[in-house]
Amino acid sequence: APSQWLAERLNARVTPLGIGGAPGRAAGARTTLLAAGRFGDLKGTADLFEIVRRVLATAPRVDAVIAGGLPDNAKGERRWLRRFEAETDPELRARVRFTGWLPPDQLARELDRAAVFLSPSYSETFGLTVLEAMARGVTVVASDLPPLHELVDPGRTGLLVPPGDLHGFHTTIGYLMTDSKSGEQIGNAAT
């Protein structure tokens, strides 16, 4: 199992995952909110879309990148994208870039440009994308889930918010986007 939490439930051993790549952070202030992963209800995709809308509505200099989707289900992915489009003001939509599923080197480039990595999931067995973001020095704001406690030291190497707490995610990200020094300190501590 990839985490101690899951290993205890499956009566299995923890197998470490290889996370490669040293940070190649872009210089200067970053204003990109990044999310990456599979679309779905348990992954908090509806919450992700709402959090992105709220952040962009209150932070006019922030943009968002949403990487991932449903690589094995194009029809399901299109449904999620249509939902975002239908529920999002055109001015906000113009500041969101959907990349689809990215190979590791392209995801690494997106991580290097990001100020904050967002993961509002309701369920994780490990949290690979959270670990990848932390390894590249990106400040993580993720759901407060047991497997993520093995990766994130709350307040020091990332910030955890109760799953479904849209206001909590919005205010936490808003704070990090306005106080970039705090965000940088948290991101640097995670590497």
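## The largest pocket

The largest pocket of this predicted model has a volume of about 710 Å³. Its lining is made up of 38 residues, and those closest to the centre of the pocket are Ala36, Gly37, Leu128, Thr129 and Glu132. By class, the lining holds 21 nonpolar residues, 12 polar residues and 5 charged residues.

Both strands and helices contribute to the lining. At least two lining residues each come from strand 1 (32–38), strand 2 (63–69) and strand 4 (116–119), and likewise from helix 2 (45–58), helix 5 (104–113) and helix 6 (128–135). The most is given by helix 6, which supplies 5 residues.

## Helix 2 and helix 8

Two packed helices are described by the angle between their axes and the distance between the axes. Helix 2, which supplies part of the pocket lining, also packs against helix 8 (residues 166–178), with axes that come within 9 Å and cross at roughly 40 degrees. An angle from 35 up to 65 degrees counts as oblique, and helix 2 and helix 8 are therefore oblique to each other. Their crossing is right-handed.

On the side of helix 2, the contact is made by Asp47, Glu50, Ile51, Arg54, Val55 and Thr58; on the side of helix 8, by Leu166, His167, Phe169, His170 and Ile173. Sorted by class, the residues in this contact are 5 nonpolar, 3 polar and 3 charged.

## Helix 2 and helix 3

Helix 2 also packs with helix 3 (residues 74–87), at an angle of about 35 degrees and with the axes 11 Å apart. The crossing of helix 2 with helix 3 is right-handed.

Helix 2 takes part in this contact through Thr45, Ala46, Phe49 and Arg53, and helix 3 through Trp80, Arg83, Phe84 and Glu87. The contact of helix 2 with helix 3 contains 4 nonpolar residues, 1 polar residue and 3 charged residues.

## Helix 8 and helix 9

Helix 8, the partner of helix 2 described above, also meets helix 9 (residues 180–190), where the axes come within 5 Å and cross at roughly 100 degrees. Angles of 65 to 115 degrees count as roughly perpendicular, so helix 8 is roughly perpendicular to helix 9.

In this contact, Tyr175, Leu176 and Thr178 of helix 8 meet Ser180, Ser182, Gly183 and Ile186 of helix 9. The class count for helix 8 with helix 9 is 3 nonpolar and 4 polar residues, with no charged residues.

Key:
Residues numbered from 1 in each chain as written. Predicted model: local features only at pLDDT ≥ 70, side-chain atom pairs only at ≥ 80, totals over all residues. Heavy atoms only, no water. 1 Å grid on protein atoms, 1.4 Å probe; cavity = no way out; pocket = protein on both sides within 12 Å on 5 of 7 lines; lining within 4 Å. Points joined across faces, edges and corners; volume = space filled by probe spheres on them. Helix = DSSP H or I, 4+ residues; strand = E, 2+ residues; numbered from the N terminus. Nonpolar A, V, L, I, M, F, W, Y, C, P; charged D, E, K, R; others polar. Axes fitted to C-alpha atoms, helices over the stretch in contact; angles between N-to-C directions. Parallel < 35°, antiparallel > 145°, perpendicular 65-115°, else oblique. Left-handed = near helix turned anticlockwise from the far one by under 90°. Contact = heavy atoms within 4.5 Å.
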